[in-house]
Amino acid sequence: MAYLNLLRSLFKNGNFTSRSVAAAYMTGILPIKKDGTESAVSDFDEFTIINPGRFAEYTGFNEDDIEKVCQKSKTNISEDELREWYDGYSFDGVNPIYNPYSVMQAIEMGRLESYWRKTTAAETLFTYINMDFKGLQEDIARLIAGEYIHVDINTFNNDVENFNSKDDVLTLLIHLGYLAYDYNTQMVRIPNKEVRTEFESLLKNESRSKLADLVKKSENLFKETLEENGNAVARVIDNIRCSEYAPTFYNNEQALRYVIKFAYICCIDSYQKVEELPSGKGVADVVYLPKNDSNLPAMIVELKWNKTEIAAIHQIKDKNYPAILKDYYGDILLVGVNYDETTKEHSCVIERLSRE
């Protein structure tokens, strides 16, 4: 507040400003703090990460920059790898935008990893996402599961101390770069693999996170899946369905898919999740592919609504979904899940396809 008062004294005094200041340029992560509903210093034109205006193309590296960086680099890091790790932002039609700091760190060090945690913004992520606002934890879980969520950015006061809702917290995460914001749809998502690793650390340190209960349920479900215990898997899904992470309107197969993604949220570190993967004869609902030459089996999950779990397994076989994984040589778990609106219960059957 003292700094704002200083700015007011400098730039709200018309006589002083016109005689002494030709132009002023200030930088910072957050917009100028609001005083009531307006900016405390309205003399400035503000360009923010949410609305960078004509400076959008300068907020980070573009494709041309990345091409030049790779050409000059002595490492074997490719443009595609940099895109997966550090891309994901877009502003006013300028797309894609890469995180320049992390790109240069990766090129200099010759390693693809998260350089985010070396920044000051990383120090307070746990603090912000553990704030006790209704719906915040559910939205964080949805983001980690790969969903897009709507955020109202208009109530944010442009500071890191005064929050009134989950939207204020999520808006701050946009300004800090943790979330990518689409101005047209007002939706946010986790932008890339680098930032995703920071959110995934919440699951690895669940004792510090309010997501701990969901993680424990997910770990139990994954254990029962590996043991091919369909009845136990169905019970855990029932439990998650009754939690705050399930959609309010549980009335179709899409809602069931939401629950399944939360149910297997513990797998994000060890699996790549692909939804609606074409097989040639149909589309597999959710496919989990092990990362990094893991000994874990792949999983093909087929969902049914008011049918049977056996029908789900039959569809996997009839449509030959395992052919999707023709280049994968490990075991594959076929997981059929059904929800019955009459009984209000899930059912599950699991079969193992051995590639030996």
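**Two crossed helices, and on from there**

Helix 11 and helix 12 sit roughly perpendicular to each other. The angle behind that is about 105°, and since anything from 65 to 115 degrees counts as roughly perpendicular, the label fits. Residues 230–241 make up helix 11 and residues 253–263 make up helix 12, and the two axes are 10 Å apart. Keep in mind as you look around that this is a predicted model.

What actually touches where these helices cross? From helix 11, look for Ile237, Ile240 and Arg241; from helix 12, they meet Val259, Ile260, Phe262 and Ala263. Sorted by class, that contact has six nonpolar residues, no polar ones and one charged residue.

Now follow helix 12 onto the sheet. Helix 12 lies across strand 8, strand 9, strand 10, strand 11 and strand 12, and runs at about 145° to strand 10. Helix 13, residues 309–318, packs on the sheet too, where it touches strand 10, strand 11 and strand 12. Its direction makes about 140° with that of strand 11.

The sheet itself is open, with five strands in the order 8-9-10-11-12 and mixed pairing. Strand 8 and strand 12 are the edge strands, each pairing on one side only. If you ignore direction, neighbouring strands here are turned by 20° against each other on average. For a look at one pair, take strand 9 and strand 10: they are antiparallel and share three bridges. Val287 has Ile300 in strand 10 as its bridge partner.

There is another open sheet to visit, this one with three strands in the order 5-7-6, paired antiparallel. Strand 5 (149–150) and strand 6 (180–182) are at the edges with a single partner strand each, so one side of each has no neighbour in the sheet. Strand 6 and strand 7, the latter covering residues 187–189, are joined antiparallel by three bridges. Among the paired residues, Ala180 has Arg189 in strand 7 as its bridge partner. In the loop between strand 6 and strand 7 you'll find Gln186, which has a positive phi of about 60° even though it is not a glycine.

Next comes a hairpin. Strand 3 (residues 89–91) and strand 4 (residues 94–97) run antiparallel and are joined by two bridges. Phe91 stands opposite Val94 in strand 4. Two residues lie between the strands of this hairpin, and Asp92 takes a positive phi near 45°. Strand 4 also holds Pro96, and the peptide bond leading into that proline from Asn95 is cis, with omega near 5°.

Last stop: the second largest pocket, with a volume of about 930 Å³. Its lining counts 34 residues, and those nearest the centre are Arg196, Glu200, Ile268, Tyr271 and Lys291. Which elements give two or more residues to this lining? They are helix 4 (79–86), helix 7 (136–144), helix 9 (193–204), strand 8 (271–278) and strand 9 (283–290). Helix 9 supplies the largest share, six residues. Strand 8 and strand 9 bring you back to the five-stranded sheet, where they come at the start of the order 8-9-10-11-12. By class, the pocket lining divides into 15 nonpolar, six polar and 13 charged residues.

Definitions and conventions: Residues are numbered from 1 along each chain as its sequence is written. This is a predicted model: local features need pLDDT of at least 70, side-chain atom pairs count only at pLDDT 80 or more; totals for chains, interfaces and linings use all residues. Side-chain values use heavy atoms; hydrogens and water are left out. On a 1 Å grid over the protein atoms alone, a cavity is a set of points where a 1.4 Å probe fits but cannot get out, and a pocket is an open set with protein on both sides within 12 Å along at least five of seven lines; lining residues have an atom within 4 Å of a point. Grid points are joined across faces, edges and corners, and a volume is the space filled by probe spheres set on the points. Helices (H or I, at least four residues) and strands (E, at least two) are DSSP runs, numbered from the N terminus. Ala, Val, Leu, Ile, Met, Phe, Trp, Tyr, Cys and Pro count as nonpolar, Asp, Glu, Lys and Arg as charged, and the others, Gly among them, as polar. Axes are lines fitted to C-alpha atoms, for helices over the stretch in contact, and angles run from 0 to 180 degrees between N-to-C directions. Angles under 35 degrees count as roughly parallel, over 145 as roughly antiparallel, 65 to 115 as roughly perpendicular and the rest as oblique. Contact means heavy atoms within 4.5 Å. Two strands pair if DSSP finds at least two bridges between them.
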